[in-house]
Amino acid sequence: MKTSYLYLCKYFILSLLPVCKFRHFVPNLTIGAPVIQSLRKHTKAYLDCHLMVTNPSDYVEPMGKAGASGFTFHVEVARDNWQELIQSIKSKGMRPGVSLRPGTPVEEVFPLCLKKEILQVEAENPVELVLVMTVEPGFGGQKFMPEMMDKVRTLRKKYPSLDIEVDGGLGPSTIDVAASAGANCIVAGSSIFGAADPGEVISVLRKSVEGSQSKN
């Protein structure tokens, strides 16, 4: 497991993660390429972009030009063209990731992953991150769905070196179950921005993941 991905920049990775929600997969627009471009002028941090859209290929070039570091698309809308999409993402200098919503079986992302530990290629051009949604995508402030941790455990067992990200309802009261399940990349919004001391919440999240990784 990589540990650097989580800690490159505590505010851009853990609290100000640029989640790009365009008006397709979900109705609301949060942060787009112009904002990524503006952020890039002021930081070298890893800017991780999760696109909840029905047509992710349309956004690869603008996000790449804007300076995005990672580009995560939903498996539900890329079942027929994920190979070309991953290649396009990599060609623009971004790290490809795939996400699945709560109702999608974890097995749907297996063909997109590389089984490195036995040198078995399941995907000729694999993703480098899998994002497990722990709430229904689209709106902040939802309750964490602990039953999604079965997906995280399955992925961690099958792909020990894979970056596994979780998004939705993560905070001090839920981080331990996510970290112990094998998640090493954490998306947190409401729990940080709504805290009296955001830095303390970030520290709690970081320590939980570090502690779980040290045991493995």
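The chain exposes about 9700 Å² in this predicted model. Carbon and sulfur atoms supply 53% of that area. Of the 216 residues in the chain, 55% are buried. The secondary structure comprises nine helices and six strands. Among contacts between residues at least 6 apart in sequence, 67% join residues at least 24 apart.

Six strands form an open sheet with parallel pairing. Their order is β1-β2-β3-β4-β5-β6. The edges are held by β1 (48-50) and β6 (185-187). Each has a single partner strand, so one side of each is left without a neighbour in the sheet. On average, neighbouring strands of this sheet are turned by 25° against each other, direction ignored. In general, the strands of a sheet pair through backbone hydrogen bonds.

Pairing was then followed strand by strand. Strand β2 (residues 70-74) runs parallel to β3, and five bridges link the two. Within this pair, phenylalanine 73 has valine 98 of β3 as its bridge partner. Strand β3 (residues 95-100) in turn pairs with β4 in the parallel sense, over four bridges. Here leucine 100 is matched with valine 132 of β4. On to strand β5 (residues 163-167), β4 is joined by five bridges, again in parallel. Two residue pairs mark this step. Leucine 129 has aspartate 163 of β5 as its bridge partner, and methionine 133 stands opposite aspartate 167 in β5.

Burial was examined for β3 and β4. In β3, six of six residues are buried. Arg95, Gly97 and Ser99 point one way from the strand. Pro96, Val98 and Leu100 point the other way. Strand β4 (residues 129-133) is also mostly covered, with five of its five residues buried. Leu129, Leu131 and Met133 point to one side of β4, and Val130 and Val132 to the other. Residues pointing either way from β4 are buried.

Helix α6 (residues 149-158) also contributes buried residues. These are Met149, Lys151, Val152, Leu155, Arg156 and Lys158. Their cover includes the strands β3, β4 and β5. It also includes helix α7 (175-181).

In soluble globular proteins, nonpolar side chains tend to be buried together. The largest nonpolar core in this model has 55 residues. Met63, Phe71, Phe73, Val109, Val130, Leu155 and Val166 touch the most other members. For valine 109, neighbours within four places in sequence were left aside. The remaining contacts are Val75, Val98, Leu100, Val130 and Leu155. Of these contacts, Val98 and Leu100 point the same way from β3, Val130 belongs to β4, and Leu155 is a buried residue of α6. Apart from the largest core lies another, of six residues. Its members include Met52, Leu129, Leu131 and Val135. Leu129 and Leu131 point one way from β4, whereas Val130, a member of the largest core, points the other way.

Cysteines were considered last. A disulfide is a covalent bond between the sulfur atoms of two cysteines. A search of the whole structure finds zero disulfides. Cysteine 49 has 0% relative accessibility and therefore counts as buried, the cut-off being under 20%. Cysteine 185 also counts as buried, because its relative accessibility is 1%.

Definitions and conventions: Residues are numbered from 1 along each chain as its sequence is written. This is a predicted model: local features need pLDDT of at least 70, side-chain atom pairs count only at pLDDT 80 or more; totals for chains, interfaces and linings use all residues. Side-chain values use heavy atoms; hydrogens and water are left out. Buried means under 20% relative accessible area, exposed over 50%, partly exposed in between (1.4 Å probe, protein chains only). Two strands pair if DSSP finds at least two bridges between them. Axes are lines fitted to C-alpha atoms, for helices over the stretch in contact, and angles run from 0 to 180 degrees between N-to-C directions. Contact means heavy atoms within 4.5 Å. Accessible areas come from the Shrake-Rupley method with a 1.4 Å probe; for residues, only the protein chains shown count as cover. A nonpolar core is a set of buried Ala, Val, Leu, Ile, Met, Phe, Trp, Tyr and Cys residues joined through side-chain atoms within 4.5 Å. A disulfide is a pair of cysteine sulfur atoms within 2.5 Å.
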